[in-house]
Amino acid sequence: MSEQKDRYGLSHRFIKGITGSSIWKSVFRHGYANTDKNRALQITSNFFLHVHPIRLKKHAFRIRFTWCLGGITFFVFIVEFVTGILLMFYYRPVVEFAYMDIKSLMIDIPFGAILRNMHRWGAHLMVITVIFHMLRVFLTGSYKPPREFNWVIGVLLLINTLLLSFSGYLLPWDQLAYGGISIGTNMARAVPFLGHEGPFAVVDKYHDVRFVLLGGTEVGPVALLRFYVLHVILLPMVVLILAGVHFWRIRKDNISGPL
Amino acid sequence: MENDNKVVEKGKSATDKEFVWPDLVFKELLASVGVVVLLVVWSLLVDAPLRPEADPAWTENPAKAPWYFLGLQEMLVYFDPWLAGVVVPGLIVAGLIFIPYLDINNPISGEYRLGKRKMATLLFLFGFIMWFVLIFVGAFLRGPSWYFYWPWESWAVVKHSNEVLWSFHWLAGVVFLGLFFIGGTFLSIVIGKGFVQRLGRTRSLIIIFLALSMFFIPVKIALRLLFNVKYVLRTPFFNI
Ligand code: HEM
């Protein structure tokens, strides 16, 4: 007994005291010694890690296979989620306030500028990484059976990522936003049948798809509110649900690999 | 654990597998830290743009869409809005969604073996690169009123266009488009020897149509830049 004590010393007993306590054990349910059982439990008993399988084929660990791009896209999405929630404390989606709120974020509010910058640049980064994730999935042929439908879900994620970024573009209500969104939504005038300037138009400018999108014939207060609701609730929810399905299917089919 | 047992049951050995903890989780952690560092440094160095407040009575010149849509905006130079803004993006999305159901040529998956998938790779990369080239032009080479400005040219110098555009006679247009799409289809079938048999008739025709539509974009751009052609086909209802 006394021999043991001398070998490990005070710090060891201190750590043992904590990790042996009933509080600790209620949170972490297994030991950390390097056994196969613990390495499995580390994944399965952790909510955040259990999207992973316990074990994977060796090639799946190679960074130069996936370039981590899907994971990075999701991580950037989480960064956008967190910074976006913080921005919501300061931003009001009304024409009278929107611009001033962004301006004061950039000038007055502590850490406001870095908050907004991270959200803005993160949005660009997410668009870039999702496009290159698609490129890697194409180049490795990972959409081949049985993963065809997960590619389709991926395309929907790509579109939603673009729309998420696009809807956020209007919110600062500056000239850049106004010009960009006007140009973008003008395209909706030209939709065949359903746009008032499109070929075979069957609707006038008060009933076409652009009117539905903007809540008016011009980019104005209603459009600002519509884009805001799309940007902070609807589109993020769609992305979360689609990403959940995307990940679930990867688990079921396993990551692709050489036959 | 259950999953692993299933794999073994199917007759594959589990010995070529590795534990995810900690190796993969650690790499993911490193990637996340890398992303955070990148974003923080980027955000400290460069402020997100904030121009004067929006004023419906005054529009920017040029007003540019967000960069990822600039390829479509750039196409407005060469196509009417219903094509550049609706049909082209629609075909891109449809084409992307169809890829797994069209490319059934061989089952190679999970590794970079492009040499075995030459046709698929060439077509995809053609579209991918064209998308970014158009974005590049729209982002860096377009100035006021969407005129072409080299990066070293000042936007203060106002440009005027003295090109006179003309359009094909409608009959010539029908013949041209017919030759391009129908002739192109026959040509692809002849050149691409056995691929109709391998992929089936429907699949082959969809692939050929999507590919020809994609190639039509640079063709129209060339017609416009070299011969000042405005429309290939004029009708009372729409122009191409
Ligand atoms: C918000 C967007 C997206 C997120 C968060 C996401 C996330 C992921 C993640 C984490 C993986 C695991 C492997 C990896 O990291 O590469 C993955 C795999 C996959 N992704 Fe995505 N993805 C997105 C968009 C897309 C898009 C646009 C496509 C294709 C059009 C796509 C198709 C696939 C396919 C087919 C796989 C399976 C790959 C394999 O088994 O090798 N995903 N995705």
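**Exercise 1. Polar contacts of the ligand**

Find the distance between an oxygen atom of the ligand and an N or O atom in the side chain of Ser256(A).

Solution. The distance is 2.5 Å. Before going on, note that this is a predicted model, in which local features need pLDDT of at least 70, side-chain atom pairs count only at pLDDT 80 or more, and totals for chains, interfaces and linings use all residues. Residues are numbered from 1 along each chain as its sequence is written, chains are lettered from A and ligands numbered from 1 in written order, and side-chain values use heavy atoms, without hydrogens and water.

Next, look at two further side chains. An N or O atom of Arg136(A) is 3.0 Å from an oxygen atom of the ligand, and for Ser142(A) the corresponding value is 3.1 Å. A polar contact is a pair of N or O atoms within 3.5 Å; within protein, one must be able to donate a hydrogen and the other to accept it, and residues adjacent in sequence count only if both atoms are side-chain atoms.

**Exercise 2. The shell around the ligand**

State how many residues surround the ligand and which are the closest.

Solution. Count residues with a heavy atom within 4 Å of the ligand. This gives 24 residues, and the closest are His133(A), Arg136(A), Gly154(A), His246(A) and Ser256(A). Then assign the shell to helices, which are DSSP runs of H or I with at least four residues (strands are E runs of at least two), numbered from the N terminus. In chain A, the helices α5 (69–88), α7, α8 and α11 each supply at least two residues of the shell.

**Exercise 3. The iron site**

Which protein atoms are donors of the iron atom of the ligand?

Solution. Donors are N, O and S atoms within 2.8 Å of the metal (3.2 Å for Na, K and Ca), and sites may look incomplete because water is not among the atoms. The protein donors are NE2 of His133(A) and NE2 of His246(A), lying 2.1 Å from the iron atom.

Now classify the site. Six donors count as octahedral if opposite donors are over 155 degrees apart and all others between 65 and 115. The iron atom has 6 donor atoms with angles of 87 to 179° among them, and its site is octahedral. Along the chain, the two histidines come from distant parts: His133(A) is in α7 (residues 112–139) and His246(A) in α11 (residues 221–253), 113 residues apart. Both His133(A) and His246(A) are buried, where buried means under 20% relative accessible area, exposed over 50%, and partly exposed in between (1.4 Å probe, protein chains only).

**Exercise 4. Helices α7 and α8 of chain A**

Compare the end-to-end reach of helix α8 of chain A with the expected span.

Solution. The expected span is 1.5 Å times one less than the number of residues. Helix α8 (residues 148–169) has 22 residues and reaches 32 Å from its first C-alpha to its last, close to the expected 32 Å. Of these residues, 17 are buried, so α8(A) is largely enclosed by the rest of the structure.

Repeat for α7(A). Its 28 residues should span 40 Å, and its end C-alpha atoms are 40 Å apart, which agrees. Helix α7(A) is mostly covered, with 24 of the 28 residues buried.

**Exercise 5. Backbone features**

Where in chain A does Pro146(A) lie, and what kind of peptide bond joins Pro145(A) to it?

Solution. Pro146(A) is in the loop between α7 and α8. The bond from Pro145(A) is cis, with omega about 5°. In chain B, the bond from Asn61(B) to Pro62(B) is also cis, with omega near 0°; Pro62(B) sits in the loop between α2 (23–45) and α3 (70–75).

Then inspect phi. Gly141(A), just after α7(A), takes a positive phi of about 60°. Cys68(A) has a positive phi of about 60° although it is not a glycine, and it lies in the loop between α4 (63–66) and α5 of chain A. Trp173(A), another residue other than glycine, has phi near 55°. Trp173(A) belongs to the loop between α8 and α9 (175–186) of chain A and counts as buried, at 4% relative accessibility.

**Exercise 6. Chain B**

Give the domain bounds of chain B and the distance between the domain centres.

Solution. Bounds come from an automatic or database domain assignment. Domain 1 covers 1–50 and domain 2 covers 66–227. Their centres, taken over C-alpha atoms, are 36 Å apart.

Finally, place Phe209(B): it lies in helix α8 (residues 201–227) of chain B. Phe209(B) is partly exposed, with a relative accessible area of 42%. Its C-alpha atom is 7.5 Å from that of Thr185(B), 24 residues away along the chain.

Note on methods
Tetrahedral: all angles 85-135°; square planar, octahedral: opposite > 155°, others 65-115°.
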